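Reader: Could you take me through this structure? I would like to begin with how the chains meet.
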Amino acid sequence: MTTTLTKPDSPEDRRPRVRRPKAARAGGQMHAGPIAYVILALFTLGSLFPLVWTAIAASRDNQRLAQTPPPFWFGSNLFDNLDLAWNDANLGEAFLNTTFVAGVSAATIVFLSTIAGFAFAKLRFKGRNAMMLIVIGTMMVPPQLSVIPLYMMVAELDWSDQLQAVILPSLVSAFGVFFMRQYLLQALPDEIIEAARVDGASSWRVIWHVVFPAARPAMAVLGMLMFVQTWNDFLWPFLVLTQNGNPTVQVAVAGLGRGYTPDQSLIMAGALLGTLPLLIVFAIFGKQIVGGIMQGAVKG
Amino acid sequence: MTTGHDTAAASPAKEGGAAPGRPSGGGPTEQEQRRRKRQSRRWQRDVRWSPYAFVSPFFLLFLAFGLFPLIYTGWASLHQVELTAPTDMDWVGLRNYTRIFDDEFFWNAAENTLTIGIISTVPQLLMAMGIAHILNYKLRASTFYRVAMLAPYATSIAAASLLFVLLFGRDYGMINWALGAVGIDNIDWQNDKWASQIAVSTIVIWRWTGYNALIYLAAMQAIPQDLYESAALDGASRWQQFFHVTLPSLRPTILFTVVVSTIGASQLFGEPLLFDANKGASGGSQHQFQTLGLYLYEQGWVNQHLGRASAIAWTMFLILIVIGIVNYVISRRLRASS
């Protein structure tokens, strides 16, 4: 199991190193031909057009969406629809809830994954390899299969429509542990830890003063990935939260689609509102997120 | 768990600082020696036990919210449990299992999960491979393509499903309009069996192809250049290089993506639930795109039989174990052959 990027010596020179193999790798010297660009353009269009069309549909009204051909350009109803969707679907509260849920679980996962990843990457202890195998094995068990007892627990504790019911189960992230381990194996030289040890630093101090500073770039990327994942989580929040009680954005948006008035432009306005924050994050940090996903890719 | 370490951390440094102050020539006092011994014991304890402290939160969380619920699902599947009173459990043995195995909709859902799984996974991974190959060339604005193809991944299941419901609309949807332009009659994407399964799969394909392309691209960039150089020296064409160098090197990654996509496909829930919102958990008027995940939800939360839903969950788990074993055997064969 290794990450697929070349080894960075320190976080600072990571970015240039990431780009460098491009020149050396297979096909890398070869410039893409026109056909490659055409295929890429089509694929990019296929990826982006549905999102753009969400905005187009959200800017029209229901009657216009029930005509053929469908609209290809923006209408004038965007802000009315956004306003209606915002109020109809309880989206204001949903945004606050989701931001809180995704923020708390992303931060907790990043913290716990970093200390566990550090232990697996750099500390010696009995059972280390077996434990790491167990961590990887847990990735193969989809959390959806555990929802029934969790639902019973929530019922027992009277936690339905309460955010901790969504946050707690989301904190299990084997991917996070694996991701941080892979990064720290490469980014944190043993000598630095040994030097800190010789100075008499305890394990906890090493974490605080050596590991966290070295792991910062990977922690940021993992935080974003986990934020996206929790923000988009559907099944479990859908089971324990209700649209009119204390919804997350996904529960609220799904509720729009199941409402009594199938106003399609309104539904699209809700979908747009629920997606927009993440699209903005991707527009700003897209490069880092892409790098993070590629770095987390498993080989072997 | 960790507060004890802070004191241990500070003291050896202090001790080093105090060393020059000691009377030269004289050995450390008895008291000093005892203090040192205590410190080194504390030090050893720290080195020995703190790794376990660092990994334990993950395992505790997994125990509480992963493993225990999974095992408890097996226990609940042997009981009659109602949604309205989830703590009252009556032992019924294997009756939940015989009930679902006798239910035609269970087999229907299993079949749908398999076909939707194939329709969504195979084209998705093939396209991802092709796109990754193109991205591996020297390109202008390569970052732009990568970020753009990741945008669907940022879109939630709920938003994407509602959007595609509209695009796949029978009378006014954009897709039927485009097909009409090339002379194909309107397709009833919601009610026709295969059309609806293709439509649901399209949502999955749209969301995940770019992500998988990036995974493949990462693996392609890790292939050593000299493999290609020697292949080129042997006179291999670009296509031959792709089939004889790239693909074999990607085998572990391909296996990984196949496993992840298979698990994802076996759990499919939100897309079919929202694809026909009026039918909800039944997955279309004829259950034509009801997946196992949806069937589980229908039994547990619509029909309120949590025990039966547990039996479905446990059956899905056993299926995944079989897939895992098959995967293990295949990967061992592959490793042995290469």
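Reader: How many residues does each chain bring to the contact between chain A and chain B?
Author: In this predicted model, chain B contributes 87 residues and chain A contributes 94 residues.

Reader: Which element of chain B supplies the largest share of the side that touches chain A?
Author: That is helix H2 (residues 30-76) of chain B, with 17 residues.

Reader: And what is the chemical character of that side of chain B?
Author: The residues on the side of chain B that touches chain A comprise 62 nonpolar, 21 polar and four charged.

Reader: Let us stay with chain B. What is the domain assignment?
Author: Chain B is assigned domain 1 (3-54) and domain 2 (98-337). The C-alpha centres of these two domains of chain B are 57 Å apart.

Reader: What does UniProt annotate over residues 110-327 of chain B?
Author: An unreviewed UniProt entry gives "domain: ABC transmembrane type-1" for residues 110-327 of chain B. In the model, that stretch of chain B is 75% helix and 0% strand, and its end C-alpha atoms are 20 Å apart.

Reader: How do helices H10 and H13 of chain B pack?
Author: Helix H10 (residues 238-266) and helix H13 (residues 306-337) of chain B meet at an angle of about 170 degrees, and their axes are 11 Å apart. Because angles over 145 degrees count as roughly antiparallel, H10(B) is roughly antiparallel to H13(B).

Reader: Which residues make the contact?
Author: From H10(B) they include Arg251(B), Leu255(B) and Val259(B). Among those from H13(B) are Met316(B), Ile319(B) and Asn327(B). The residues of this contact between H10(B) and H13(B) divide into eight nonpolar, four polar and one charged.

Reader: Is there a residue with unusual backbone geometry close to that helix in sequence? What is the phi of Gln304(B)?
Author: Gln304(B) has a positive phi of about 65 degrees, although it is not a glycine. Most residues other than glycine have a negative phi. Gln304(B) sits in the loop between helix H12 (292-302) and H13 of chain B.

Reader: Why does Gln304(B) count as partly exposed?
Author: Gln304(B) has 15 other C-beta atoms within 10 Å. A residue is buried at 20 or more and exposed at 12 or fewer, so Gln304(B) falls in between.

Reader: Turning to chain A, what is its secondary structure?
Author: Chain A has 15 helices and zero strands. Of its 300 residues, 47% count as buried. Among contacts in chain A between residues at least 6 apart in sequence, 76% join residues at least 24 apart.

Reader: Which parts of chain A are annotated as "transmembrane region"?
Author: The unreviewed UniProt entry lists several stretches of chain A, including residues 100-121 and 266-285. Residues 100-121 of chain A are 100% helix and 0% strand in the model, with end C-alpha atoms 31 Å apart. Residues 266-285 of chain A are also 100% helix and 0% strand, with end C-alpha atoms 29 Å apart.

Reader: Where does Asp161(A) lie, and what is its phi?
Author: Asp161(A) is in the loop between helix H8 (147-157) and helix H9 (163-170) of chain A. Its phi is near 65 degrees, a positive value in a residue other than glycine. Asp161(A) counts as partly exposed because it has 15 C-beta neighbours inside 10 Å.

Reader: Finally, where is Asp80(A) placed?
Author: Asp80(A) belongs to helix H5 (residues 78-88) of chain A. Asp80(A) counts as partly exposed, with 15 C-beta neighbours inside 10 Å. Asp80(A) and Leu42(A) are 38 residues apart in sequence, and their C-alpha atoms are 33 Å apart in space.

Key
Residues are numbered from 1 along each chain as its sequence is written. Chains are lettered from A and ligands numbered from 1 in the order in which they are written. This is a predicted model: local features need pLDDT of at least 70, side-chain atom pairs count only at pLDDT 80 or more; totals for chains, interfaces and linings use all residues. Two residues are in contact if their C-beta atoms, placed from the backbone, lie within 7 Å. Helices (H or I, at least four residues) and strands (E, at least two) are DSSP runs, numbered from the N terminus. Ala, Val, Leu, Ile, Met, Phe, Trp, Tyr, Cys and Pro count as nonpolar, Asp, Glu, Lys and Arg as charged, and the others, Gly among them, as polar. UniProt positions are given in the numbering used here, feature names are shortened, and annotations may be inferred rather than shown by experiment. Domain bounds come from an automatic or database domain assignment. Axes are lines fitted to C-alpha atoms, for helices over the stretch in contact, and angles run from 0 to 180 degrees between N-to-C directions. Angles under 35 degrees count as roughly parallel, over 145 as roughly antiparallel, 65 to 115 as roughly perpendicular and the rest as oblique.
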